[in-house]
Amino acid sequence: MDCFFIFSGQGSHRPGMGVNLYKNSSIAKSKIDLADSMLDYKISEIMFSNDEQTLRKTINAQLSIYIYSCILFDLVKDKNYSPVGVAGHSLGEFSALYANETYSFEDGLEIVKVRAKAMHECETKNKGKMSAVIGLEKDTIADACNDTDTQIANINSDQQIVISGSEQSIDEVSDKLKLLGAKRIIPLNVSGAFHSKLMSDAKEELKKIITEKTFHEPKCPIISNYDGEKRNNIDDIKHALIEQIDNPVLWSQSVKELGKISNTIVEIGPKKVLSGLVKKNNESLHISSFSSYNDIRDINNV
């Protein structure tokens, strides 16, 4: 089945992720063992445990989600699902680029390791957080962020926009937005001010590792978070990955573009978090989500 694959990002982790896959799939066991051998510690122990606080740390969450998503993609692909395009929400772009064969699992793992470490250093130096704003227009939110270090970080849909900034600034802007009529403001389960200028110091390390790695011509296009545009050119893909780190995730625009490629979407990740966002942008798209071993086992019934 030809379909468009989308991959979830940081915040989609869950304690115990990968245990059943490791026990029941040789593909999963092979990739997790390989990741353990490549890293300075056993990422499998963090993935498999019930210690959510350790797992949610950027240095652990990004690697865990990348590994898990690549495994799920391999298993779904083995069931005769073929990508005609890919996209990923923030971190999910790195799994997407594995899926369209831009780089190997190993090279992607090394890039994500550098990205996670650099972002962890930024969040340690510049304490921050993110919140989803429900029910206000982009321009109203942007105006409320003026003269603060808070900025729009994700445009997930017309009615769900994420802000990112220092802890104090987010609290102050959130109070403004409530007065302006926001229906809800939801703190996100992440550990830093991602996709804001508080992450800019991570850019140089990410640029270095991406420049060093060999990227291959992708088997199908990726729609980049950076501008919501379809890409096949290697240099353009690298540029967008680097710029993504301190610029907004244009997910709403990405969904508009992916709908031009296919109306059959497959979501991959530890939790089913993107399907709702896709539907808010385009109700006509058909979406299947695969987030666990049980989903893969029952795939013929989907």
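Let's start at one residue. Asn 281 touches Asn 156, Ser 157, Ser 252 and Val 255, leaving aside residues up to four places away in sequence. Keep in mind that this is a predicted model. Where does Asn 281 sit? It is found in helix α13, residues 275-281. Is Asn 281 buried or exposed? Neither label fits: Asn 281 is partly exposed, because its relative accessible area is 21% and buried means under 20%. One distance for orientation. Asn 281 and Leu 97 are 184 residues apart in sequence, and C-alpha to C-alpha they are 23 Å apart in space.

Now a second residue, His 89. His 89 lies in the loop between β2, 82-88, and α6. It is buried, because its relative accessible area is 11% and the cut-off for buried is under 20%. What does His 89 touch? Not counting residues up to four places away in sequence, the list is Phe 7, Ser 8, Gly 9, Asn 154, Asn 156, Asn 225, Val 249, Trp 251 and Leu 274. Asn 156 is worth a second look. It appears among the contacts of His 89, and it appears among those of Asn 281.

That loop leads us to α6. How many residues of α6 are buried? Eight of its eight, so the helix is mostly covered. By name they are Gly 92, Glu 93, Phe 94, Ser 95, Ala 96, Leu 97, Tyr 98 and Ala 99. Leu 97 is the residue I used for the distance to Asn 281. Just after α6, Glu 101 takes a positive phi of about 65°.

What does α6 pack on? Helix α5, residues 58-77, packs with α6, residues 92-99, at an angle of about 35°. Their axes are 9 Å apart. The crossing of these two helices is right-handed. On the α5 side, the contact uses Ile 65, Tyr 66, Ser 69, Cys 70, Phe 73 and Asp 74. On the α6 side, it uses Phe 94, Ser 95, Tyr 98 and Ala 99. By class, that contact has seven nonpolar, two polar and one charged residues. A reminder on helix geometry: an α-helix has 3.6 residues a turn, so residues three or four places apart point the same way.

On to the sheet. In what order do the strands run? The sheet is open, with four strands in the order β4-β5-β3-β6, and the pairing is antiparallel. At the edges are β4, 151-157, and β6, each pairing on one side only. From one strand to the next, the twist averages 25°.

Take the pairs one by one. β4 and β5 pair antiparallel over five bridges. There, Ser 157 has Gln 160 of β5 as its bridge partner. Ser 157 is also one of the residues touched by Asn 281. Next, β3, residues 128-134, is mostly covered, with six of its seven residues buried. Seven bridges join β3 to β5, residues 160-166, and these two run antiparallel. Ile 134 stands opposite Gln 160 in β5. So Gln 160 comes up twice, with Ser 157 and with Ile 134. On its other pairing, β3 meets β6, residues 184-187, over four antiparallel bridges. In that pair, Ala 132 stands opposite Ile 186.

What packs on this sheet? Helix α8, residues 138-145, does, touching β3, β4 and β5. Its direction makes about 165° with that of β4.

Helix α8 has a helix partner too. α8 and α9, residues 167-179, pack at an angle of about 135°, with their axes 9 Å apart. That makes α8 oblique to α9. The crossing is right-handed. From α8, the contact takes Thr 140, Ile 141, Ala 144 and Cys 145, and from α9 it takes Val 173, Lys 176 and Leu 177. Those residues divide into five nonpolar, one polar and one charged.

One last helix pair. Helix α7, residues 105-125, packs with α10, residues 203-212, at about 170°, and the axes are 9 Å apart. Which way do they run? Roughly antiparallel, because angles over 145 degrees count as such. From α7 come Glu 110, Ile 111, Val 114, Arg 115 and Ala 118. From α10 come Glu 205, Leu 206, Ile 209 and Ile 210. This contact divides into six nonpolar, no polar and three charged residues.

How values were computed. Residues numbered from 1 in each chain as written. Predicted model: local features only at pLDDT ≥ 70, side-chain atom pairs only at ≥ 80, totals over all residues. Heavy atoms only, no water. Axes fitted to C-alpha atoms, helices over the stretch in contact; angles between N-to-C directions. Left-handed = near helix turned anticlockwise from the far one by under 90°. Contact = heavy atoms within 4.5 Å. Nonpolar A, V, L, I, M, F, W, Y, C, P; charged D, E, K, R; others polar. Parallel < 35°, antiparallel > 145°, perpendicular 65-115°, else oblique. Buried < 20%, exposed > 50% of the residue type's maximum accessible area, 1.4 Å probe, protein only. Pairing = 2+ DSSP bridges.
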